[in-house]
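Welcome to this tour! Open your viewer, get ready to select residues one stop at a time, and follow along.

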Amino acid sequence: MDKVIITISREYGSGGRIIGEKVAEMLGIPFYNHNLIDMIAHESGLDKDYISQWQERVSSPMLWGWDAAIAGFIPEMTAGYYSNELKMFEAQSKIIRDLAEKGSCVIVGRCGGYLLKNDPSCLRVFIYSDKESRINRILEEYDAETLDQAEDMLKSVDKSRAAYHEKYTLTEWGDYLNYDIALDSKLGIDECAKIIVEAAKAKINK
């Protein structure tokens, strides 16, 4: 095996994106996260701002905070999103598989671990941490200005990611059985990156 594809799923605020960036830098391989948006836009024909806003979310009116009865009165609003959500998923699935064919890389989110689960070169990672640590990171690194806002962001994003993952993979988001490695980022960003890099090297040399 001469390549390794590292997919990283992560709880919001766990530092999974930063860990992924460090892993890619340490291994000298491409890193894919937000830069996938342009690729998905090109493949799907959807606007990249739209993709940025709605990626890794499911088209459930209940998750949008709508009452199901109200949503039933405006089916044209939900129907368009159902269609676009599927277009996004199909486009990103093709792109992720194509990237995996080309060579080693790190891919964050977007059900990458599931899409590549049968690829022997894929190392599937899940990054998590306790609520307090994640809220502190959200306050430090994201747009949250208050503790309540940070908590709301954490709940909302985690709920969306879990629903999206479970809809398209029929597996439970965060279940350790669906990953090769699960790491608590309280170990430290650098330490987590080192562990993943060593596992990746072992997989390449296996």
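Start by selecting E56, in a model that is predicted. Is E56 buried or exposed? With a relative accessibility of 12%, E56 counts as buried, because the cut-off for that word is under 20%. To find E56 on the chain, look in the loop between α3 and α4, where α4 covers residues 68–72. Now check its backbone: phi of E56 is positive, at about 55 degrees, although E56 is not a glycine.

**A second positive phi**

Next, select R110. This residue is another non-glycine with a positive phi, here near 60 degrees. R110 sits in the loop between β3 and α6. Its relative accessible area is 1%, so R110 is buried.

**Zoom out to the whole chain**

Clear your selection and colour the model by secondary structure. How many helices and strands does the chain have? There are 9 helices and 5 strands. Walking from the N terminus, you meet them in the order β-α-β-α-α-α-α-β-α-β-α-α-β-α. The chain has 206 residues, and 48% of them count as buried. Consider also the contacts in the chain with a separation of 6 or more: 71% of these join residues 24 or more positions apart.

**Into the largest nonpolar core**

Now select L36, I51, I107 and L116. These residues have the most contacts inside the largest nonpolar core, which has 25 residues. Which elements give two or more residues to this core? They are α2 (36–44), α3 (48–54), α5 (75–102), β3 (105–108) and α8 (147–169). Show α5 on its own for a moment: the largest share of the core, 7 residues, comes from α5.

Keep L116 selected and display its neighbours. Leaving out residues up to four places away in sequence, L116 touches I5, T7, I96, R97, A100, I107 and C122. There is also a second, separate core of 21 residues. To get a feel for where this second core lies, select some of its members, including I6, I8, L183 and A193.

**One step along: K117**

Select K117, in the loop between α6 (112–115) and β4 (122–128). K117 counts as partly exposed because its relative accessibility is 43%. Add T7 to the selection and draw a line between the two C-alpha atoms. K117 and T7 are 110 residues apart in sequence, and their C-alpha atoms are 9.8 Å apart in space.

**Two helices that cross: α1 and α9**

Select residues 16–27 for helix α1 and residues 189–205 for helix α9. The two axes come within 9 Å and cross at roughly 50 degrees. The helices α1 and α9 are therefore oblique to each other. The crossing of α1 with α9 is right-handed. To see what makes the contact, show the side chains of I18, I19, K22, V23, M26 and L27 on α1, then I189, D190, C192, A193, K194, I196, V197, A200 and K201 on α9. Colour them by type: 11 of the contact residues are nonpolar, 4 are charged and none is polar.

**Another pair: α7 and α8**

Now select helix α7, residues 131–141, together with α8. Their axes come within 9 Å and cross at roughly 110 degrees. So α7 and α8 are roughly perpendicular to each other. On the α7 side, the contact is made by K131, R134, I135, I138 and L139. On the α8 side, look for L147, A150, E151, M153, L154 and D158. This contact between α7 and α8 has 7 nonpolar residues, 4 charged ones and no polar ones.

**Last stops: T171 and I181**

Follow the chain into the loop between α8 and β5 and select T171. Its relative accessibility is 23%, so T171 counts as partly exposed. Apart from residues up to four places away in sequence, T171 touches H165, E166 and N178. Select Y114 as well: T171 and Y114 are 57 residues apart in sequence, with 8.9 Å between their C-alpha atoms.

Finish at I181, in strand β5 (residues 181–184). I181 has a relative accessible area of 14%, so I181 is buried. Which residues does I181 touch, not counting those up to four places away in sequence? They are L123, R124, V125, F126 and A199. For a final distance, pick I127: I181 and I127 are 54 residues apart in sequence and 8.5 Å apart in space, C-alpha to C-alpha.

Methods
Residues numbered from 1 in each chain as written. Predicted model: local features only at pLDDT ≥ 70, side-chain atom pairs only at ≥ 80, totals over all residues. Heavy atoms only, no water. Axes fitted to C-alpha atoms, helices over the stretch in contact; angles between N-to-C directions. Helix = DSSP H or I, 4+ residues; strand = E, 2+ residues; numbered from the N terminus. Parallel < 35°, antiparallel > 145°, perpendicular 65-115°, else oblique. Left-handed = near helix turned anticlockwise from the far one by under 90°. Contact = heavy atoms within 4.5 Å. Nonpolar A, V, L, I, M, F, W, Y, C, P; charged D, E, K, R; others polar. Core = buried A, V, L, I, M, F, W, Y, C linked by side-chain atoms within 4.5 Å. Buried < 20%, exposed > 50% of the residue type's maximum accessible area, 1.4 Å probe, protein only.
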